[in-house]
Amino acid sequence: MQKIEEVSAREIAARVARREVSAETVARAYVERVQALEPGILAWQHFDAAQVIAQAQRVDRAGARGALAGVPIAVKDLIDTADMPTTYGSPIYAEHRPVVDAAVVASVREASGVVMGKTVTTEFATFKPGVTRNPRAALDAPRTPGGSSSGSAAAVATGMVPLAFGTQTAASVIRPAAYCGVVGYKPTFGLLPMAGIKSLSPTLDTAGVFARSVDDAAFFVSALSRIELTLSPIKGWRVGICHTPHWDLASPDARRALQDAARHFDKLGARVVEAVVPGAWVGLAQAQMDIMGFEAWAAFAPERNRHANLFSPAFAEVLASGAAVTGERLAAAHALAIHARGEIENLLQQVDVLIAPSATGEAPLGLDATGNPIFSRLWSLLGVPCVHVPTGVGEHGMPVGVTVVGPRWRDAKALSAALQLESAVRG
């Protein structure tokens, strides 16, 4: 019989709701796992076992009636929690205690979920790494877990939680999911509320999730959004292979992952075709960087004015780059984005979903950087739903996979294709 920490999040919620197991029993099982594994991974910014157990006991006393009944959930430390510190990955906020929960955290509590703690984020969700190690790498050859949602991806990869929140402005859900070998789901821009999440770039910031399976990711976001993400068969669907304008940066491992995914879809009865993207899309990554930088410079005016000496060099560079973006460059970036959003809608009428590289390859060696976000920048700018699906391992035994991209506000299409690909990979 499976241990409770080995079953899906959906099944945990069902068992707790049926009173087959208590939320407290579930919490204690996961607390033990965190205590056993955390010293080697360093995924958690804040973890208090007694606080977790007390939450679970309250869920049991209240009847565990919500959709996420008793499910342990990790929260990226960019997201406000009223009962836990929220540092945003910066010494500026080392003592910060929000007054209220972020909207997504409040929704978890409303649905009877259990907040396990806060996971490590890079500084303000940008490029200065935290302390988290990639759990798939050897101890004597550490590799980055990716960023900025480093701790959340690592916590799910090690089974310390079945579900976790991340956020993505460039690649901060998809890339850590790819490097740690878990499912990462960045919903359509705006599907999940950003209230109470430290803003970097309001045009781009998107709340997302990590899970051990596509079904659990869909289950989680359905519970939070009140939108039923019903998954369907994909036989006869048209699947477009999208190399993106950055194919020259894809390693042999990333290229094989895309080829393998295409073969799986072909065997599943989908029609696999080449998806040709407009030539102007070569400029989307720079447009994303210009918008992100410009908005970050504005968003961090309070910190710039009072605490600039506490910025890391990496974050100071982000803001300096944003300060250099002129009004003309910003307008051009938005114009290109608006035009490209229309083009991808047209493209996703010709095919049902796209598949594309999630990262340049395996997680890089070392903990001094979080990897190249290039393959997700354009999808973040376009606001489309993306699901990373692990497909195997690369040359050094580290996870690789692909991103399944669907039409905006049709997240169930991307998830349906991702679910079928995941099933085919797992055999």
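Here is a short conversation about how helices and strands are arranged in this predicted model.

Student: Why is helix α8 called roughly perpendicular to helix α14?

Tutor: Good place to start! Helix α8 (residues 252–267) and helix α14 (residues 411–426) pack at an angle of about 100°. Angles of 65 to 115 degrees count as roughly perpendicular, so α8 is roughly perpendicular to α14. Their axes are 10 Å apart.

Student: Which residues meet where α8 and α14 touch?

Tutor: From α8 come Ala-261, His-264 and Phe-265, and they meet Ala-417, Leu-421, Ala-424 and Val-425 in α14.

Student: What makes up that contact of α8 with α14 by class?

Tutor: It has six nonpolar residues, one polar and no charged ones. Ala, Val, Leu and Phe are among the types that count as nonpolar, whereas His, being in neither the nonpolar nor the charged list, counts as polar.

Student: Let's turn to the sheet. Why are β1 and β8 said to stand at the edges?

Tutor: The eleven strands form an open sheet of mixed pairing, in the order β1-β3-β2-β4-β6-β5-β10-β11-β9-β7-β8. β1 (44–46) and β8 (271–274) each have a single partner strand, so one side of each is left without a neighbour in the sheet. From one strand to the next, the twist averages 30°.

Student: How do you know that β9 and β11 pair?

Tutor: Pairing needs at least two bridges, and four join strand β9 (residues 353–357) to strand β11 (residues 399–405), so they pair. These two strands run antiparallel, and Ala-356 stands opposite Thr-403 in β11.

Student: Which strands does helix α12 lie across?

Tutor: Helix α12 (residues 327–350) lies across β7 (238–241), β9 and β11, and runs at about 110° to β9.

Technical notes:
Residues numbered from 1 in each chain as written. Predicted model: local features only at pLDDT ≥ 70, side-chain atom pairs only at ≥ 80, totals over all residues. Heavy atoms only, no water. Axes fitted to C-alpha atoms, helices over the stretch in contact; angles between N-to-C directions. Parallel < 35°, antiparallel > 145°, perpendicular 65-115°, else oblique. Contact = heavy atoms within 4.5 Å.
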